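Morning, everyone. Let me pull the structure up on the screen, and then I'll walk you through it.

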Protein chains: 2
Amino acid sequence: MTEKPKLETVAREAGVSTATVSQVLRGTGRISEQTRKKVLAAATRLHYVPDGRAAAMRSGERREIGLVIQAIANPFNAEVISGVSDLLESEGYLLSIRDSQDDAARERRNLEAFIRSSRGGLLWVPANDTPDATLDLLRAQRMPTVTFLRPAPSGEFDHVGIRNARATAEATSHLADLGHRHIAYFGGATTSVVRAERIDGYARVMGERDLGPPLVWETGDDKLSGRDAMRALRAAHPEVTALVCNGDMVALGAALALIEDGLTPGRDVSIVGFDDIQDAALASPPLTTMAISPYQMGRKLARVLLDRLREPAAPPSITLFPATLVVRGTTGPPPG
Amino acid sequence: MTEKPKLETVAREAGVSTATVSQVLRGTGRISEQTRKKVLAAATRLHYVPDGRAAAMRSGERREIGLVIQAIANPFNAEVISGVSDLLESEGYLLSIRDSQDDAARERRNLEAFIRSSRGGLLWVPANDTPDATLDLLRAQRMPTVTFLRPAPSGEFDHVGIRNARATAEATSHLADLGHRHIAYFGGATTSVVRAERIDGYARVMGERDLGPPLVWETGDDKLSGRDAMRALRAAHPEVTALVCNGDMVALGAALALIEDGLTPGRDVSIVGFDDIQDAALASPPLTTMAISPYQMGRKLARVLLDRLREPAAPPSITLFPATLVVRGTTGPPPG
DNA sequence: GAATTTTGGTAAAACGTTATATCAACTGTT
DNA sequence: AACAGTTGATATAACGTTTTACCAAAATTC
């Protein structure tokens, strides 16, 4: 008990060779019941756990999957992770998670760390400004990779994402159907592909329905940012009666600003969110939003990677999940 | 570019031996500027990333830290992780995270996986029902370990936690000072040490102030659970005018129930939360709560582990963070 | 110009496993 | 009693690095 036990320690304890111990533990080879018991007893007595680095190095096995995501804290991502993790565990894989915080340098470090530890595969939400060099890296390592939410520009990896444009188009149409003529969008700017797609959907409907030029507002991702943006928007464009948001947090923040200013979301200004996080249904009034199923997306994401590991030569697949409109209390006809 | 590049590939490409490549990459040994450049060029050309398993196996270095936590999704934990991660990265360590979902079996699997990959150290929120065998395992592996939030019963590991009893005592006193006589507690039962400590603090003040028998209500951890519990409590004990909660989510859920039933938190029923999550300040009315600094706790947690790695023989340390009362809108004198 | 030191590089052993080939000891068959 | 087949275990060679000891050539000293 004075040192980390290794194979040789167990072998000596059981009075056999290291090869025998290895075979017993792995269940391979021919071994008598008697020595099997002897070895097993010694192993548990010493609390032996094999050194996976050495084992994996020799056997070439890789049953660990890496996940690099842009924000673990995000509740949507948390659900995704839970889906990924459940499926992988049920198939005997293990998941190890790293947070890139949407920073290209940190992302690079994390990816390299995964490569160094020779993961079996990679699930990856690329940072918004991932440089080409990082893509080259993954290519050179021949690391089986599935991108999530944000596709890699080269399109060489499997991808799981959301029908973003269609979703915001549907949200915008819903508001237009209610009679709104002045519809703004919260969540512009940055170089994010996802945001760009969503803005496209919104702008397309604005054009098709002849609702004037799109009014895209730059916001962050949290409640605070939504609240501030709402105040700024109302000061600059009092004619706006409806709002499509890039995320539920922003939408809830916007609703909060209205309430604090004595207005009623859904009557004075209509708001549509995106994601359908738990708080969306619990807010008052409850939030109308574009719902997606993060848990199911997580499961699918894991499934795609496992398929890729099984069939390395298959052409890259693309899976897009639809978002469905959930009408609650924050949308209604325009006032007056 | 047809295979994952290894040291030998780079050596051949640069026309030198593998030893030389290793020395150049590690910056050790004596090497001429000329071959240094040659090797570096070859390495980047091939996008070479060393196999960390082999490297770590040979060198015995362990600069990766494992974190096993009971719920990544929890926003409090997310902040903690961010603190841990920042400090570790600044010291050149890498963090790998696993979610035990508070399940002893899953926890065991995750811990074993960390041991197999020979992490340098372990940060650990023990599951509520961690068996002794798991403690034996960590002991036998001589794995430097720091427990977080929930101390291991044996007390042999370093620990970072919260002054739970003192915090709930302060919350309860605050309500008593305002004149409340009927104070309930949300977040009872389960075998959780943390919950037990918090209940103790509440119960102690109830006794000291002669406020009658403690009224401890069993709840979960989320808004929904708080909302349901509030309704049930009001039906069973209409005399209750104040509430101490095990967490902000539960507290916000309780406040929500009041609002939905036409009452006003802070006037009809006073509520104190725990954690001070972002939403606490943004709720309306904003939540009075016991604030802790998860980010700072995370940094300290990482620091304690690094100290332990440096000084393996030092006696186990215990660090407890205070919670400070933040009075906002959900507490006031009792009605009438 | 012989002896010494410095420089720049390599061969080879080691890390803790798993896989392969081999071997000794039985068992059963003619 | 000689042979083949089976069983149970072991010695040994990998896996991809890092490290140590060593060596040849160049530079310095006397």
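Let me start with a question: at what angle do α6(B) and α7(B) pack, and how far apart are their axes? The angle is about 5°, and the axes are 11 Å apart. Since the cut-off for roughly parallel is under 35 degrees, that makes α6(B) roughly parallel to α7(B). Before I go on, keep in mind that this is a predicted model.

So who touches whom in that pair? From α6(B) we have E107(B), R108(B), L111(B) and I115(B), and they meet T134(B), L137(B) and Q141(B) of α7(B). Sorted by class, that contact has 3 nonpolar, 2 polar and 2 charged residues.

Now stay in chain B and go to the start of the chain. Helix α1, residues 7-14, packs against helix α3, residues 33-45, both in chain B, at an angle of about 125° and with the axes 9 Å apart. That makes α1(B) oblique to α3(B). The crossing here is right-handed. On the α1(B) side the contact uses V10(B), E13(B) and A14(B), and on the α3(B) side K38(B), V39(B), A42(B) and A43(B). Which classes do we get? There are 5 nonpolar residues, no polar ones and 2 charged ones in the contact of α1(B) with α3(B).

Over to chain A for one more helix pair. Helix α8(A), residues 164-177, and helix α9(A), residues 193-208, have axes that come within 7 Å and cross at roughly 35°. This crossing, α8(A) with α9(A), is right-handed. The list of contact residues is a long read, so I'll just give you some of them: on α8(A), they include N164(A), R166(A), T168(A) and A176(A), and on α9(A), they include E197(A), D200(A), Y202(A) and M206(A). By class, the contact of α8(A) with α9(A) comes to 8 nonpolar, 5 polar and 5 charged residues.Next, the DNA. Which residues come nearest to DNA strand D? Of the 29 residues around DNA strand D, those are T20(A), L7(B), A19(B), S22(B) and A54(B). Both chains supply elements here: α2 (18-26), α3 (33-45) and α4 (52-59) of chain A, plus α2 (18-26) and α4 (52-59) of chain B, each give two or more residues to that surface. The largest share, 6 residues, comes from α2(B). In terms of class, the surface near DNA strand D has 11 nonpolar, 12 polar and 6 charged residues.

And DNA strand C? There are 28 residues around DNA strand C, and L7(A), S22(A), A54(A), R58(A) and T20(B) come nearest. The elements giving two or more residues to the surface near DNA strand C are α2 and α4 of chain A, along with α2, α3 and α4 of chain B. That surface divides into 11 nonpolar, 11 polar and 6 charged residues.

What about the two protein chains against each other? Here 41 residues of chain B are in contact with 43 residues of chain A. On the chain B side, the elements supplying at least two residues each are α4, α5 (75-90), β2 (94-99), α6 (104-116), α7 (132-141) and α11 (248-260). You'll recognise α6 and α7 of chain B, the pair packed at about 5°. The side of chain B that touches chain A has 22 nonpolar, 8 polar and 11 charged residues.

Last stop: the sheets. Chain B has an open sheet of 6 strands in the order β7-β6-β8-β9-β10-β12, with mixed pairing. Its edge strands are β7 (215-217) and β12 (324-326) of chain B, each pairing on one side only. On average, neighbouring strands of this sheet are turned by 20° against each other, direction ignored. Inside the sheet, strand β9(B), residues 270-275, runs parallel to strand β10(B), residues 288-291, and 4 bridges join them. One to click on is D275(B), whose bridge partner in β10(B) is A291(B).

In chain A there is an open sheet of 6 strands too, with the order β7-β6-β8-β9-β10-β12 and mixed pairing. The edges in chain A are β7 (215-217) and β12 (324-326). How do β10(A) and β12(A) run? They run antiparallel, joined by 3 bridges. Look for A291(A), which stands opposite T324(A) in β12(A).

That's my tour, so over to you for questions.

Definitions and conventions
Residues are numbered from 1 along each chain as its sequence is written. Chains are lettered from A and ligands numbered from 1 in the order in which they are written. This is a predicted model: local features need pLDDT of at least 70, side-chain atom pairs count only at pLDDT 80 or more; totals for chains, interfaces and linings use all residues. Axes are lines fitted to C-alpha atoms, for helices over the stretch in contact, and angles run from 0 to 180 degrees between N-to-C directions. Helices (H or I, at least four residues) and strands (E, at least two) are DSSP runs, numbered from the N terminus. Angles under 35 degrees count as roughly parallel, over 145 as roughly antiparallel, 65 to 115 as roughly perpendicular and the rest as oblique. A crossing is left-handed if the near helix is turned anticlockwise from the far one by less than a right angle, and right-handed if clockwise. Two residues are in contact if their C-beta atoms, placed from the backbone, lie within 7 Å. Ala, Val, Leu, Ile, Met, Phe, Trp, Tyr, Cys and Pro count as nonpolar, Asp, Glu, Lys and Arg as charged, and the others, Gly among them, as polar. A residue is near a molecule or strand if its C-beta atom, placed from the backbone, lies within 6 Å of it. Two strands pair if DSSP finds at least two bridges between them.
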